[in-house]
Structure formats: structure tokens, C-alpha cells
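This briefing concerns the interior of one protein model, with its nonpolar packing and its enclosed space as the two topics.

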Amino acid sequence: MLIPADRLTRLLTATLERAGAETERAQVCAEHLVEANLKGHDSHGVGMAPSYVRWIAAGILQPNARARVIRDHMAVMVVDGQYGLGQPVARETVDMAIARAKQTGIACVALRNACHIGRIGTYGEQCADAGLVSTHYVNVVGADPAVAPFGGREPRMLTNPYCCTIPQANGDHIVLDFATSAIAIGKLRVAHMKGEPAPAGVLLDAEGAPTTDTGTFFTSGPRGFLLPFGLHKGGGMQIICELLGGALAGQWTMQPGSNRDLGAAVNNMLSIVIDPDAFGGREAYEAEAAAMIDYIRDTAPGEGNDRVRMPGDPERESRARRLKDGVPIDDNTWADLMRAAASVGLDAAGVAAIG
Ligand code: NAD
């Protein structure tokens, strides 16, 4: 079914509020998740909300915990997310990084112990909207490893996303933002919910044999696992995200001694935020970048492509489409959302009243 974005936002805000989040925090989280759906990343959209509700009920996710600065030294800040609702905590952290980068020219800000912060591109866009370049290295902990390193046939890490964003004066920022696994776990979950197979070449079964059966991953028995994207290059990025996000920012990597039994996805993120003004000549830089972007866009399209796109374009196209048509929500995801709403006392009549 297709559901208008504003209706989904109201439903999620109400569900998270009833689960214990203050209105503003519930709203930031709900808007983030719906925006991820609008941008085509259903894996990091509203389908995550039932997990957040479960983690709050289990006492792991602290819905109203704030981002707390635990070290502040010149261009470097370390922030503890205190297991707060990830989206408002990460937003607060990135606000601090933006303010610092505008003072110092560059800021390097570590966020640790934030419950799942969602789509990392959101934080890149937050910086880009302020006119700043940024890169974000993220690891994921709090659950069993599910992604093998390149060349391995045992899982050692999770999906460790990376993001780099380059602001554009017209708002069409370059937003490179992806999981370093060959497919995001959320996308595998979406395929599983729809009863579709996984793409070839992304999934191995528990014995390490290639499979497209998503059931080998979502099972309580011996589990299958994912491969990194892009052979040794993606595998290298996966390790860099683990070490910069996990070890430098979070001091929490996916080693066996870490808290894998926590039962909730926790993110650690190292963000480097750069003010182009600090280099002098912002106008010249922007003109050079814009001209190069035009030159790349102008490339003759290869077979099977209608045109060459920049990172961030597919999300803008999806957003325009889904704002007009509504957000597609599959039946299983909707049922999951209804169960989450009911678990916090929002019954069918309450959902209908939300509109
Ligand atoms: P993906 O494979 O869909 O890749 C998305 C990136 O590729 C975007 O930058 C997009 O603009 C670009 N892109 C796609 N098609 C393109 C084209 N034709 N031309 C140019 N650029 C193109 O992303 P993914 O790996 O499925 O990740 C989905 C989301 O999941 C991301 O937003 C990521 O941050 C998020 N994620 C979060 C966590 C977490 O723990 N919080 C973990 C993993 C992933």
C-alpha cells in the first residue's frame, strides 16, 4: 500500500511518544525514518521503529538521553550518546560539530554509544545544508557479527556504513552514503518481508556456500552472513569504519569480548566536518566543483543507463516520486508497525484517529 509521508510521521511520532520519548525526540526520529523511506532507503525507514519500541521496552534504549560531551579540546569533541534514541542524539552531536567547524575550520567529533542512528546520509546532509563538507565513519555493535571480512568465510563485523557529503549551493548536495556490506541488513530484511530472494553474490549460508535464500540469515539456527561490497576495496572500507568509528570514536569494536548480547544495534561514529571557507576562495572552489559535476553528469550513458547520476541523485528522484505518490509499505512491515503501536497502547481506533 502507498501511505502519505505525513501520516506515517504522525503514526511513528505517536508510537514513540507512547513508548516513552519526549515529543520533540519522537518527532526527530519519526521524520528521519520517513525521510529515509522517501529517499528510497526502506531498509532504514519506518520498518526500524518496531525494533526501537522493543529496545525501549527492554530498557536498553533510553529514549530521552541527550548527547553528552565528555571531552572538548580545540577541534576535537567526544560525545557519549548514553544509549539514547539515535537520531536526536546524532543530530545534536552533528549540530555541535557544525558549530565547532565554523569556529576552527575543521572539527573531528566522535559519537559513541548511540542506539541505531539510522541513515547516515542525513548527518552528511545536515552538514551540507550548513555549507560544510563532511565524512562519517560508522561501526555497528550490540549484536552478533553478520558480515565477513574480504577473503573470510566467518562473520566478524556488522554493516559499518560510510558517508561523504559535498555541499552544493543549489541544495543538490553530493551524498555518498552506503553500508560496507554488499547489501544493507535492512534491505535483506525488506526482501525477506516481501518473500523475495537476495541478490546473487551478497549472502553465504552458515557453511559459507553462496545462497539467495534470505531465510538462511533470518533464522534462529546457524545463521548465514553477508560479504563486504567491492571485494578487497569494500572490505578495506569496512575495516576502516570499524577502526575509526569503533576503536577511535567508540572504543567499542566487534571483538568477542565486546557486549554482543546487548540486544540492540548501537552505532559509534567518527565525523570529520570541514568548512571550505577555511581554505579561502570558497567561490572559486564551488565554481570548480560545480563545473566538474556538470562535466561528469554530461558523460554519455553506458548501456542500461538513461543518464549518469551523482551520489544523492537517486534519493532526490525517489523523494520527489514518493512525496507525490506516497510511501510503499509492504503488508508485513505494516503489520509490524501495528503490533508496535498496539504494544504501547495505540489500538486500531487510535491509529485511525491519527489519520
Ligand atoms: P546503496 O547501496 O543504495 O547506495 C547508496 C549510495 O549510492 C547513495 O550515495 C546513492 O546516491 C548512490 N547511488 C545509488 N545509485 C546510484 C547511481 N546510479 N549513480 C550514482 N550514485 C548512486 O546504500 P546501502 O548500502 O543499501 O545503504 C542504505 C542506507 O543504510 C544508507 O543510508 C546507510 O547510511 C544506511 N546504513 C546504516 C547503518 C547503521 O548502522 N546506522 C548500517 C548500514 C547502512
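**Cavity lining and nonpolar cores**

The lining of the largest cavity is made up of 5 nonpolar residues, 1 polar residue and no charged residues, where Ala, Val, Leu, Ile, Met, Phe, Trp, Tyr, Cys and Pro count as nonpolar, Asp, Glu, Lys and Arg as charged, and the others, Gly among them, as polar. The model is predicted, so local features need pLDDT of at least 70 and side-chain atom pairs count only at pLDDT 80 or more, while totals for chains, interfaces and linings use all residues. Residues are numbered from 1 along each chain as its sequence is written, and side-chain values use heavy atoms, with hydrogens and water left out.

**Cavity**
- The structure holds 1 cavity of 30 Å³ or more (on a 1 Å grid over the protein atoms alone, a set of points where a 1.4 Å probe fits but cannot get out; lining residues have an atom within 4 Å of a point).
- Its lining consists of Leu11, Leu12, Thr15, Ala49, Leu337 and Ala340.

**Largest core**
- In the largest nonpolar core (buried Ala, Val, Leu, Ile, Met, Phe, Trp, Tyr and Cys residues joined through side-chain atoms within 4.5 Å; buried means under 20% relative accessible area with a 1.4 Å probe, protein chains only), which has 54 residues, Leu8, Leu12 and Tyr52 touch the most other members.
- Domain 1 (1-64 + 326-355) and domain 2 (67-182 + 227-298), with bounds from an automatic or database domain assignment, both contribute residues, so this core lies between them.

**Second core**
- A separate core of 23 residues includes Ala90, Ala107, Ala114 and Val138.

Key. Buried means under 20% relative accessible area, exposed over 50%, partly exposed in between (1.4 Å probe, protein chains only). On a 1 Å grid over the protein atoms alone, a cavity is a set of points where a 1.4 Å probe fits but cannot get out, and a pocket is an open set with protein on both sides within 12 Å along at least five of seven lines; lining residues have an atom within 4 Å of a point. Grid points are joined across faces, edges and corners, and a volume is the space filled by probe spheres set on the points.
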